[in-house]
Amino acid sequence: MKYLLIILFFLSSFFSKSINFYSQPKDSIQLDSLLLFCKKQLGTNYKYASCTPNSGFDCSGFVYYIFNHFNINVPRSSSDFNTAGKTIHPDSCIAGDVIVFTGTDAKKRNPGHVGIVISNLGDELQFIHSSSNKKHSGVKISSYKESPYYEKRFLKIVRVTKIYK
């Protein structure tokens, strides 16, 4: 009887651990869900100081809306990304990290624009963001290397949550 109880204990311990292994970690986002939800917003209009798809997004409103959908707290203002999250080296960034740029004046080295990295580690760095560009405004995908404009304005990349596949 004693051996049977020991065996049952180990079996129940094993099965409870394997069940937890497949559940979503707390304070994390499943990568496919994040990317799908981000891309669902493509084409949404740019609107200063707004964070809803019905009226449009500014850059930080877009990032705030996406992460808020997954119950992850992030700053509502791009300037607050100066101290948010954990700074990640660009060579180590993954989809779901937040890329931080200066505002339109690259000489002022304060956060003024943010987006969400959507590329995989080792791929060309791409991000989704709400752009105020007069010719192509709204939520769109951009490449970091697409223009010297982004490289001049780059400040850092921050990780605000765990992403799992």
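## Overall fold

Going along the sequence, the order of elements is α-β-α-β-β-α-β-β-β-β-β-α-β-β. That adds up to 4 helices and 10 strands. Keep in mind that this is a predicted model.

Of the 165 residues in the chain, 41% are buried. If you look at contacts with a separation of 6 or more, 57% of them link residues 24 or more positions apart. The chain shows an accessible surface of about 10200 Å², and carbon and sulfur atoms account for 55% of that.

## The sheet

Six strands make up an open sheet, paired antiparallel in the order 4-9-5-6-7-8. Strand 4 (86-88) and strand 8 (138-143) sit at the edges, each with pairing on one side only. On average, neighbouring strands here are turned by 40° against each other, ignoring direction.

Let's walk through part of that order. Strand 5 (residues 98-102) and strand 6 run antiparallel and are joined by 5 bridges, with Phe101 standing opposite His113 of strand 6. From strand 6 to strand 7 (residues 126-131) the pairing is again antiparallel, over 2 bridges, and Ile116 has Ile128 in strand 7 as its bridge partner. Strand 7 then joins strand 8 through 6 bridges, also antiparallel; here Ser130 stands opposite Val139 in strand 8.

Strand 6 (residues 111-117) deserves a second look: 6 of its 7 residues are buried, so the rest of the structure largely encloses it.

## Helix 3 on the sheet

Helix 3 lies across strand 5, strand 6, strand 7 and strand 8, and its angle to strand 6 is about 40°. Within helix 3 (residues 59-69), the buried residues are Cys59, Ser60, Gly61, Phe62, Val63, Ile66 and Phe67. As a reminder on spacing, an α-helix has 3.6 residues a turn, so residues three or four places apart point the same way. Just past the end of helix 3, Asn71 adopts a positive phi of about 60°.

Val63 is a handy residue to click on. Setting aside neighbours within four places in sequence, Val63 is in contact with Val74, Phe81, Val98, Val114, Gly115 and Ile116.

## Two nonpolar cores

Nonpolar side chains tend to be buried together in soluble globular proteins. In this model, the largest nonpolar core holds 27 residues, and the ones with the most contacts inside it are Phe62, Val63, Ile66, Phe67, Phe81, Val98 and Ile116. The elements giving two or more residues to this core are helix 2, helix 3, strand 5 and strand 6. Apart from it there is another core, of 11 residues, including Ile88, Val117, Phe127 and Phe154.

Several names come back here. Phe62, Val63, Ile66 and Phe67 are on the list of best-connected core residues, and they are also among the buried residues of helix 3. Ile116 is on that core list too, and it is one of the residues that Val63 contacts as well as the bridge partner of Ile128.

## Asp32, out at the surface

For a contrast, try Asp32 in helix 2 (residues 31-40). Is Asp32 exposed or buried? The cut-off for exposed is over 50% relative accessible area, and Asp32 counts as exposed because its relative accessibility is 54%. In sequence, Asp32 is 63 residues from Ala95, while in space their C-alpha atoms are 9.8 Å apart.

Notes. Residues are numbered from 1 along each chain as its sequence is written. This is a predicted model: local features need pLDDT of at least 70, side-chain atom pairs count only at pLDDT 80 or more; totals for chains, interfaces and linings use all residues. Side-chain values use heavy atoms; hydrogens and water are left out. Buried means under 20% relative accessible area, exposed over 50%, partly exposed in between (1.4 Å probe, protein chains only). Two strands pair if DSSP finds at least two bridges between them. A nonpolar core is a set of buried Ala, Val, Leu, Ile, Met, Phe, Trp, Tyr and Cys residues joined through side-chain atoms within 4.5 Å. Contact means heavy atoms within 4.5 Å. Accessible areas come from the Shrake-Rupley method with a 1.4 Å probe; for residues, only the protein chains shown count as cover. Axes are lines fitted to C-alpha atoms, for helices over the stretch in contact, and angles run from 0 to 180 degrees between N-to-C directions.
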